[in-house]
Amino acid sequence: MAKAIVDLIDHDPSQAGLSRARNTCKRWLEEQGPDPNVEEWQEILSGSWEDIRKVLLDTSENGARLRQNSPFAGVLPAKMRLDIYKKFRDDQTAA
């Protein structure tokens, strides 16, 4: 999922997905109040796209932890998300 998000933002000159994630973080903090996970993402999102990109593609335990509370959740179109879920399920079934 993270790779698809990165590819989408990489190929969008306006980087609308990045703006959406930043707005999502801001909204979460306004609606829910202080949250260490959201504040961590807010700090990450204040950096450059290259640094954010590295976090999204990080295969470490920390990368997986961060993706559990990702503000990028609504960036991919619904059809694309469903296709990714289906491919993952099919790959798991075939294994």
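Good morning. In this talk, two residues are in contact when they have heavy atoms within 4.5 Å of each other. With that meaning in place, consider Leu8: leaving aside its neighbours within four places in sequence, Leu8 is in contact with Val75 and Leu76. Please keep in mind throughout that the structure before you is a predicted model.

Let me stay with Leu8 for a moment. Leu8 lies in helix 1. Is this residue buried, exposed or partly exposed? With a relative accessible area of 32%, Leu8 is partly exposed, because that category covers values between 20% and 50%. Its C-alpha atom is separated by 9.9 Å from that of Leu18, a residue 10 places away along the chain.

I now turn to the chain as a whole. The protein chain contains 6 helices and 0 strands, and reading along the sequence gives the pattern α-α-α-α-α-α. The C-alpha trace spans about 45 × 30 × 25 Å along its principal axes. The chain has 95 residues, of which 28% count as buried. Among contacts with a separation of 6 or more, 65% are made by residues 24 or more positions apart.

Next, the packing of the helices. Two packed helices are described by the angle between their axes and the distance between the axes. I shall present three pairs in that way.

The first pair is helix 1, residues 2–10, and helix 4, residues 49–57. Their axes come within 9 Å and cross at roughly 160°. That angle makes helix 1 roughly antiparallel to helix 4, since angles over 145 degrees are counted in that way. The crossing of helix 1 past helix 4 is left-handed. Which residues meet here? Helix 1 contributes Ala2, Lys3, Ile5, Val6, Ile9 and Asp10, while helix 4 contributes Trp49, Arg53, Leu56 and Leu57. Sorted by class, this contact has 7 nonpolar and 3 charged residues, with no polar ones.

The second pair is helix 2, residues 16–32, and helix 3, residues 36–45. Here the axes come within 10 Å, and the crossing angle is roughly 145°. This crossing, too, is left-handed. On the side of helix 2, the contact is made by Leu18, Ala21, Arg22, Cys25, Trp28 and Leu29; on the side of helix 3, by Val38, Glu39, Trp41, Gln42 and Leu45. By class, the contact of helix 2 with helix 3 comprises 8 nonpolar residues, 1 polar residue and 2 charged residues.

The third pair is helix 3 and helix 4, whose axes are 9 Å apart and which pack at an angle of about 135°. These two helices are therefore oblique to each other. Trp41, Ile44 and Leu45 of helix 3 make this contact with Ile52, Val55 and Leu56 of helix 4. The class count for helix 3 with helix 4 is 6 nonpolar residues, no polar and no charged.

Several of these names return when we look at the interior. How many residues make up the largest nonpolar core? This core has 20 residues, and those with the most contacts inside it are Trp41, Leu45, Ile52, Leu56 and Phe72. Helix 1, helix 2, helix 3 and helix 4 are the elements that give two or more residues to this core.

Two members of the core deserve a closer look. Phe72, not counting residues up to four places away in sequence, touches Ile5, Ile9, Gly17, Leu18, Ala21, Trp41, Leu45, Ile52 and Leu56.

Leu45, in turn, is found in helix 3. Why does Leu45 count as buried? Its relative accessible area is 3%, and buried means under 20%. With the same exclusion of residues up to four places away in sequence, Leu45 touches Leu18, Ala21, Arg22, Cys25, Ile52, Pro71 and Phe72. Leu45 and Leu18 are 27 residues apart along the chain, and their C-alpha atoms are separated by 8.1 Å.

Finally, I draw your attention to a residue outside the helices. Gln15 is found in the loop between helix 1 and helix 2. Although Gln15 is not a glycine, it has a positive phi of about 50°. At 26% relative accessibility, Gln15 counts as partly exposed. Thank you for your attention.

Methods:
Residues are numbered from 1 along each chain as its sequence is written. This is a predicted model: local features need pLDDT of at least 70, side-chain atom pairs count only at pLDDT 80 or more; totals for chains, interfaces and linings use all residues. Side-chain values use heavy atoms; hydrogens and water are left out. Axes are lines fitted to C-alpha atoms, for helices over the stretch in contact, and angles run from 0 to 180 degrees between N-to-C directions. Helices (H or I, at least four residues) and strands (E, at least two) are DSSP runs, numbered from the N terminus. Angles under 35 degrees count as roughly parallel, over 145 as roughly antiparallel, 65 to 115 as roughly perpendicular and the rest as oblique. A crossing is left-handed if the near helix is turned anticlockwise from the far one by less than a right angle, and right-handed if clockwise. Ala, Val, Leu, Ile, Met, Phe, Trp, Tyr, Cys and Pro count as nonpolar, Asp, Glu, Lys and Arg as charged, and the others, Gly among them, as polar. A nonpolar core is a set of buried Ala, Val, Leu, Ile, Met, Phe, Trp, Tyr and Cys residues joined through side-chain atoms within 4.5 Å. Buried means under 20% relative accessible area, exposed over 50%, partly exposed in between (1.4 Å probe, protein chains only).
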